[in-house]
Amino acid sequence: MDELGPLLAEDLRVTVGEQVILDGVSLLAEPGRVLAVTGPSGAGKTSLLWTLTGLMRPAGGSVTFGGAPLGDRDAAVAKGIVLIPQDNGVAASLTAYENIQVPLLATGVAPDDADERTANALDRLDLTGQADQLVEELSGGQQQRVAIARGIAMRGTVLLADEITSELDAANRERVLELLHAEAWRGAAVVFATHDPEAAASCDQRLHLVDGTAEYIGR
């Protein structure tokens, strides 16, 4: 993985129609660190992550990666910016294995490497036994773990995770938090949006959103 970070958002203003979602929000996601984004429902956590991935274009401010403008979603993907969405985004008609393998192949990963990454990611999320099951046959928590496995397997330069522990039991929640920190140890910049105060407390720093504005808390 090429280290191209940090991912920097400065003075973001994000609107939907006439509604202001984010106003003057800045964020620094550094390689090797996990940043928690917290705040009540409707505070703009998902909108912030979508803007950091190029899915939403800000009405004001800027997002840069390695000092260069981020660009659209295709450009962000090319730079290794990976999003694990809140709704998991997995394909119900594919198996758990295919949901991880196919995106890897689509981004140019060699077939043998894609197979190895897929098997490893499933094992790390305790999903080896579900590899050949259709996603539609899996529980909500298992589907969420498939999405997490897919994100981990991408080995991105930046990993953005949106409320990915919400469907998980305590053991799998702890497993996923360990994996997010492992991604940071690998050298990725990790941004984790969460309602969970214990999960946020495990991160290196916290950015708290309220009414579209933000403040850093803690380390």
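In the predicted model, A68 has a relative accessibility of 33% and is therefore classed as partly exposed, because this value lies between the 20% limit for buried residues and the 50% limit for exposed ones. A68 belongs to strand 5. When residues up to four places away in sequence are set aside, A68 touches V63 and K79. The C-alpha atom of A68 is separated by 16 Å from that of R57, a residue 11 places away along the chain.

The strand that holds A68 is part of an open sheet of 4 strands, arranged in the order 2-1-4-5 with antiparallel pairing. Strand 2 (19-29) and strand 5 (68-69) form the edges of this sheet, each pairing on one side only. In general, the strands of a sheet pair through backbone hydrogen bonds, and the arrangement may be parallel or antiparallel. Strand 1 (residues 7-16) and strand 4 (residues 60-65) run antiparallel and are joined by 5 bridges. Within this pairing, L7 has F65 of strand 4 as its bridge partner. Helix 1 (residues 45-52) packs on the sheet, where it touches strand 1, strand 2 and strand 4. The direction of helix 1 makes about 60° with that of strand 2.

Attention now turns to the nonpolar cores. The largest nonpolar core comprises 38 residues, and the members that touch the most others are L125, I148, L159, I164, L180, V190 and F192. Helix 5 (residues 140-153) supplies the largest share of this core, with 6 residues. A second core, separate from the largest one, contains 29 residues, including L22, L35, A76 and L160. The surroundings of L159 can be described in greater detail. Beyond residues up to four places away in sequence, L159 touches V82, I84, G151, I152, L180, E183, A189, V190 and V191.

Helix 5 is mostly covered, since 13 of its 14 residues are buried. The length of helix 5 can be compared with an expected value. At 1.5 Å a residue, the 14 residues should span 20 Å, because the expected span is taken as 1.5 Å times one less than the number of residues. The C-alpha atoms at the two ends of helix 5 are 20 Å apart, which agrees with this expectation. An α-helix has 3.6 residues a turn, so residues three or four places apart point the same way. Just after helix 5, R155 takes a positive phi of about 50°.

How values were computed
Residues are numbered from 1 along each chain as its sequence is written. This is a predicted model: local features need pLDDT of at least 70, side-chain atom pairs count only at pLDDT 80 or more; totals for chains, interfaces and linings use all residues. Side-chain values use heavy atoms; hydrogens and water are left out. Two strands pair if DSSP finds at least two bridges between them. Contact means heavy atoms within 4.5 Å. Axes are lines fitted to C-alpha atoms, for helices over the stretch in contact, and angles run from 0 to 180 degrees between N-to-C directions. Buried means under 20% relative accessible area, exposed over 50%, partly exposed in between (1.4 Å probe, protein chains only). A nonpolar core is a set of buried Ala, Val, Leu, Ile, Met, Phe, Trp, Tyr and Cys residues joined through side-chain atoms within 4.5 Å.
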